[in-house]
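Please open the structure in your viewer and keep the selection tool at hand. This tour tells you what to select at each stop and what you will find there.

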Amino acid sequence: MASPIRILTAVPICDGHDSAINTINLEFIRHGIEVIYLGYHRSVTDIVRAAIQEDVRAIGISSYNGGHIEFFAEVVNLLRKKGADDIKVFGGGGGTITHDDAAIMKRKGVEEVFFAGTSLEEMVKFVHEHYGKPRAKRTRPKSADQELAHKLTEIEDSYAAGRKRPTPNAQRRTSKSKKRHQTSNFKHQTSRVIGFTGPGGAGKTTLIDELVLRFLNRNPKGKIAILSHDPSVVGEGALLGDRATMINSQDDRVFMRSMATRGQAGGLSPATHDCLALLAQLNFDNVIIETVGTGQEAMPFQKNGIVDLTVLVMNPDYGSRLQLQKIVMLDLADIVVVNKSDLQRARTAHTEIEQRLEQNRPVRRSFGEGGRKQQLIDTVAKRHRDPGVDRLFELISSGRDGALRRPAAAARRPYQQKRRKK
Amino acid sequence: MSKLGQVVEAVENYDKFVLDQVKRARTDEKFGRELLGRWNDIKAKIPVTRTPTGLPLPRLALPEIDEPGEIARYFFGEGLPGEFPYLSAAYREMYLEPVREIESFEKNAGTIDKKIPQAEEPTRLFSGLMLAEDTNERFHYLTRHQRTHRLSTAFDGPTLYGIDSDADGVFGKIGEGGVAIDTVEDMMQLYDGFDLGSPNFSASMTISGPAPIIMAMYIAAAKRRFGPKVVPKLRGTIQADIFKEVQAQNETIFPIEPSLRFLTDMVEFTTHEMPRWYPISISGYHIGEAGSTPVQQAAYTLSNGFAYVEMFAGLGIPVDQFGPRLSFFLDCGLDAEYIALARVSRRIWAIGMRDVFGAGPKAQLYKLHTQTSGRSLIAAEFKNNLTRTAAELVLAYVNATNSCHSNSADEPFTTPSEEWIRLAAHGQAILLEESGIFKHTMNMLSGSPGMKAVERAVEAAILDEFREIERLGGVLAAVEERYQRSQIQNASHRYEQQIYDGTRPIIGLNRYRDGADEIPDVKLARTPRSKQQLQVDRLAKFKKKNAEKAKRALDKLAGAVERGENCFPTLLEAAEVCSLGQITGRLQEVVGRFRPMV
């Protein structure tokens, strides 16, 4: 089976009209398309960067505030400049784009402009017809972002096609690169990999974006990669909307890729492991991986062994205290974050989770971990410069040499295996 | 219980109070006689006017009742025009033909719009195009026959988002859909030739996200032109409605809490220094346009309003000082709810302000500007839009709106052109001046059994919305949980679905369609590239000239924000030497950027 079509949608800068695009996104998803939604008020640079990193087939722009001729043309031109003109541009703006405008826009390289009265079916049909066929042979990537994006697509496609590894063709091409891509081999891991997981709505995405902001400010040359996941069913579409929330992560020093889980349970995609392995050896200072909102039994990072540090992000509203006993990640996470700690229940939550973490310690000690303490931090990620997020950031940053330095993968494994046998 | 919960109780109690008064009037003979006496007095004093055909009509129409219980129900439940709870009107005589000359509107309406019968155009035409000098020229054109100059300013996209014309990728948007304002110099140019301190001048500015910065620029521009003494004389309105931006319009630039803080800093300043300024226009229009139901529009607008009042009062600003400086802005569409939507809103506002916030009569008034629905207009067979707008205008005036803007029929596909603006303006004149519907008699169309039924249903539905918001912890908590936003989106989706399946008839679109749905061949008002470049060049010059001073002013501003002081005075200083984008950028460094809710 071929991968679903991936497209990126956005509303231009200085334009907040998102009602049409919201409806269109939903229609695309219903018809098997994976939509990376960038949100409204988005600059040309942000749109093109995201489109290249996500390696989408096309960009759909919904513009209602005028200036569309220039804006669409700038997107097309920047794509060309970046050697990414295999990514097509289409869009619409109800009655604000006249037929004359559309003619100019098409001359400037826009593939299609939809007018008021175009039905949703017509748009879906257009996307399937124009972007549903396999890609033509790809040209040599012009930038590191683009090369990486292409490789990630190859990995995803090969999994979708039912193969476990990228095709020999892909192997051959990547082997030219200095940063060799060898799946499932972590010897070359140069980046620190931090995994974020937790139930849906706990605020993982916002929290990560706040950490990214701090990282970019602290390290003027540092680079980050983010693998972000949203759920989908095999062969169906998905809304990949984390970029819309992650305003600080739309930056040239951040490589972000949104992945749909494509039917796999547990919070990650079948291709995640290989994608992560690739990212981990590419000289990013940090690689962040965010799972979809997970259930109590999930332990998404245990299989692959690439993740150095795991962060469980919780919401104070987890239900009764008994529920905590069932959350497997509370045994495993290096750091537990209670986000939204401005909510009334947060204090109770902190106390209860603290007690729950205490239970782990004797067990751990008996397995030779020396009672390494799991950290518990309260945050309000939505608050600018939240001191809790500051603390979390320091903890993660210091972890490189300090107490949280990659310990632990080896020491942890026997314990986990035992536990699973139980 | 938050204040909104108390408002629900207050309205319920008031409804009970009315019923008690009805009962009392029927059982307490003395009370009944008093009411009857007052009723007969009022009736006897109503002046009589004559229609052009000579027919005598009372200037105020009252129901035919002579039973004390029903009289009590009318007095307390509805109120005479201009009397608590202001169901029928905020003022006594709204659009009536003057008996002699025009009476002193000042006394009646404050700075909110009034209808000046001689004026050809409706008094506030929303306008803004290209650069400051172009809009300025349009302003002079629009007001050329008017004694009073009431300018309503639309800003372009970059300005609405608080960014400069030289920002990444905004070039094509400079001067589109509104005027481009980057600096105090642009602001001076915009209102050049108008006497900003005159009692006959008022400026309305439709902007919310960066409102405090734009307000500071306006004050700075006025001071440069007329000296510091002009400040207390400034009259006008700035929209500054943060809640509705987050709920519907998406033009928020700082996170919610700092946005509200900058707003309160500004309100505190204007309340003390500019007593004739309306620092906030609580707007349902954009909520309606985003696709809400009429009830949602009214409920969210009212609850947002009460939340602002709670916030300002919490800072120790007396409610009777800022209360009269609040005004409202609603959408008027074609749904049945609009027959009484504003009437019910006016009543709930008055009761809430009086009984929960202890406001005096002036602060109880829900002063309303209405605009006909842009959403109801469509491109297909667009001349039908004239009829739609006309029907909406009737509904707006039935609700005794204090002022009204009628949309141009060509709006679905372009910035309105002069031909269609003229027709829209004349639509109002035909209704108010030519027709006899509103000019002879106050309450001409009020109080039908149908209208009463709508009032009851709408009030109950609004209170239900309040209860839900209260359950979520009040307006701010509900906003943060995206409650209003998702309700609006859901309603919008249902509306589209109804058009699609035909259960919501739209003539010329899904019914009686003639196939004439080509976008008509119109000349579009576009900003030429040369003008856009001119704006960018001017901005560069301004920034170069003020580089040193700007840095100092921004540091000072940031310091005040960090320390949690009222930052408006430092914002005023910054507005003298910094561009809009410089100020926004610096503030965002301190308080963060708004994270969109998706």
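The stops below begin with an overview of one chain and then turn to single residues and their neighbours. Please keep in mind throughout that this is a predicted model.

**Stop 1: chain A as a whole**

Select chain A and colour it by secondary structure, which comes to 15 helices and 13 strands. Chain A has 422 residues, and 58% of them count as buried. If you consider the contacts in chain A between residues with a separation of 6 or more, 76% of them are accounted for by residues 24 or more positions apart. Now switch on the surface of chain A: about 17400 Å² is exposed, and carbon and sulfur atoms supply 51% of that area.

**Stop 2: a patch on the surface of chain A**

With the surface still shown, select M1(A), V233(A) and V234(A), which make a nonpolar surface patch of about 330 Å². To place one of these residues, look at the loop between β7 (224–230) and β8 (238–240) of chain A, where V233(A) lies. Is V233(A) buried or exposed? Its relative accessible area is 55%, and a residue counts as exposed over 50%, so V233(A) is exposed.

**Stop 3: W39(B) and its aromatic partners**

A search of the whole structure finds 34 aromatic pairs over all chains. For one of them, select W39(B) and Y74(B), whose ring centres are 5.5 Å apart and whose planes meet at 70°, so that the pair is edge-to-face. W39(B) belongs to helix α2 (residues 29–45) of chain B and Y74(B) to helix α3 (residues 68–78) of chain B, and the pair thus links distant parts of the chain, 35 residues apart. Both W39(B) and Y74(B) are buried.

Keep W39(B) selected and add F75(B), with which W39(B) forms another edge-to-face pair, at 5.6 Å centre to centre and with 80° between the planes. Because W39(B) lies in helix α2 of chain B and F75(B) in helix α3 of chain B, this pair ties together parts that are 36 residues apart in sequence. The relative accessible area of W39(B) is 1%, and F75(B), at 6% relative accessibility, counts as buried.

**Stop 4: an aromatic cluster and two charges over rings**

Next, select F139(B), Y191(B), F194(B), F201(B), Y218(B) and W277(B) together, since you can then look at the ring pairs that link these residues into a cluster.

Move on to Y278(B), where the charged end of R325(B) sits over the ring, 4.5 Å from its centre. Then select F84(B) and R354(B): here R354(B) lies over the face of F84(B), at 4.0 Å from the ring centre.

**Stop 5: P318(B) in its loop**

Select P318(B), which is found in the loop between α12 (294–314) and α13 (319–322) of chain B. With a relative accessibility of 39%, P318(B) counts as partly exposed. If you draw a distance from its C-alpha to the C-alpha of F357(B), it comes to 10.0 Å in space, whereas in sequence P318(B) and F357(B) are 39 residues apart.

**Stop 6: T389(B) and what it touches**

Finish at T389(B), which lies in helix α16 (residues 384–398) of chain B and is buried, with a relative accessible area of 5%. Which residues does T389(B) touch, not counting residues up to four places away in sequence? Display T372(B), L377(B), S406(B) and N407(B), and you have the residues that T389(B) touches on that count.

Notes: Residues are numbered from 1 along each chain as its sequence is written. Chains are lettered from A and ligands numbered from 1 in the order in which they are written. This is a predicted model: local features need pLDDT of at least 70, side-chain atom pairs count only at pLDDT 80 or more; totals for chains, interfaces and linings use all residues. Side-chain values use heavy atoms; hydrogens and water are left out. Rings of Phe, Tyr and Trp (its six-membered ring) pair if their centres lie within 6.5 Å; planes under 30 degrees apart count as stacked, over 60 as edge-to-face and the rest as tilted. Helices (H or I, at least four residues) and strands (E, at least two) are DSSP runs, numbered from the N terminus. Buried means under 20% relative accessible area, exposed over 50%, partly exposed in between (1.4 Å probe, protein chains only). A charge sits over a ring if NZ of Lys or CZ of Arg is within 6 Å of the ring centre and within 35 degrees of the ring normal. Contact means heavy atoms within 4.5 Å. Accessible areas come from the Shrake-Rupley method with a 1.4 Å probe; for residues, only the protein chains shown count as cover. Patches are made of residues with over 30% relative accessible area and no salt bridge: like charges are joined within 9 Å, nonpolar side chains (Val, Leu, Ile, Met, Phe, Trp, Tyr) within 5 Å. A salt bridge is a side-chain nitrogen of Lys or Arg within 4 Å of a carboxyl oxygen of Asp or Glu.
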